[in-house]
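Hi there,

Here is the structure I promised to pass on. Have a look at it first, and then read my notes below.

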Amino acid sequence: MAVTSTPGADPFYHGTKADLKPGDLIGPGFASNYGARRKAAYVYFSATLEAATWGAELAVGEGSERIYIVEPTGFHEDDPNVTDRKFPGNPTKSYRTRDPLRVVGEVAAWTGHSPDQLRVMRDHLARLKAAGIEAIED
């Protein structure tokens with residue numbers, strides 16, 4: 001199912017550790033922020049600050065955790081890695097695209113998860129990795 005931007009609709013967010021500025025494009029084809037860091041076939045984003053917060057907190061790298069306000073430049077769809085497997089109906093409002101996202105701003109003040117929540121999530125991801133489970137992109 002395609003999702004299109006609508007004026008006045010909720011903004012879209014992308015959490016990362018990359019240092020970007022308005023006008024920059026975030027596209028597929030680079031090392032993923034997660035897992036084995038293989039070449040990403042899609043760029044992921046959300047209409048919820050909660051999902052973007054996890055993206056920023058779990059991204060690899062040494063940079064500061066950032067949440068950008070983005071706009072899709074082309075076709076995008078529900079993220080099947082989340083919506084089909086974990087949250088039918090897409091309550092996380094998570095999406096993916098093969099087209100770039102344009103950075104239009106940054107969320108300056110946001111609240112991260114507690115150290116306990118982060119530990120639980122990182123432990124869960126470590127168990128998945130040990131079991132050979134990576135993000136599915138097809």
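Below is what turned up, starting with the whole chain and ending with the salt bridges.

Some ground rules before the findings. This is a predicted model, so local features need pLDDT of at least 70 and side-chain atom pairs count only at pLDDT 80 or more, while totals for chains, interfaces and linings use all residues. Residues are numbered from 1 along each chain as its sequence is written, and side-chain values use heavy atoms, leaving out hydrogens and water.

How sure is the predictor? The mean pLDDT (the predictor's confidence in each residue, from 0 to 100) of the chain is 82, and 79% of its residues reach 70 or more. Strand β4 has the highest mean among the elements, at 97, and helix α2 (residues 80-83) the lowest, at 72. Over residues 1-7 the pLDDT stays under 50. Where pLDDT is low, don't read the predicted coordinates in detail.

Now the layout. The chain has three helices and seven strands, in the order β-β-β-α-β-β-α-β-β-α from the N terminus. These are DSSP runs numbered from the N terminus: helices are H or I with at least four residues, strands E with at least two. Of the 138 residues, 37% count as buried. Buried means under 20% relative accessible area, exposed over 50%, and partly exposed in between (1.4 Å probe, protein chains only).

Strand β1 (residues 12-16) is a good place to zoom in, with five of its five residues buried. Side chains in a regular strand alternate between the two faces of the sheet. In β1, Phe12, His14 and Thr16 lie on one side and Tyr13 and Gly15 on the other, with both faces covered. β1 pairs with β4 (residues 66-72) in the antiparallel sense over five bridges; to count as a pair, two strands need at least two bridges found by DSSP. One such match is His14 with Tyr68.

Which residues are linked in a network of salt bridges? They are Asp19, Arg66 and Glu106. A salt bridge here is a side-chain nitrogen of Lys or Arg within 4 Å of a carboxyl oxygen of Asp or Glu. Arg66 meets Asp19 at 3.1 Å, N to O. That pair is 47 residues apart, with Asp19 in the loop between β1 and β2 and Arg66 in β4. Arg66 also meets Glu106 at 2.7 Å, and Glu106 sits in strand β7, 40 residues away. Arg66 is buried at 18% relative accessibility, Asp19 is exposed at 61%, and Glu106 is partly exposed at 35%.

Cheers

Key: Contact means heavy atoms within 4.5 Å.
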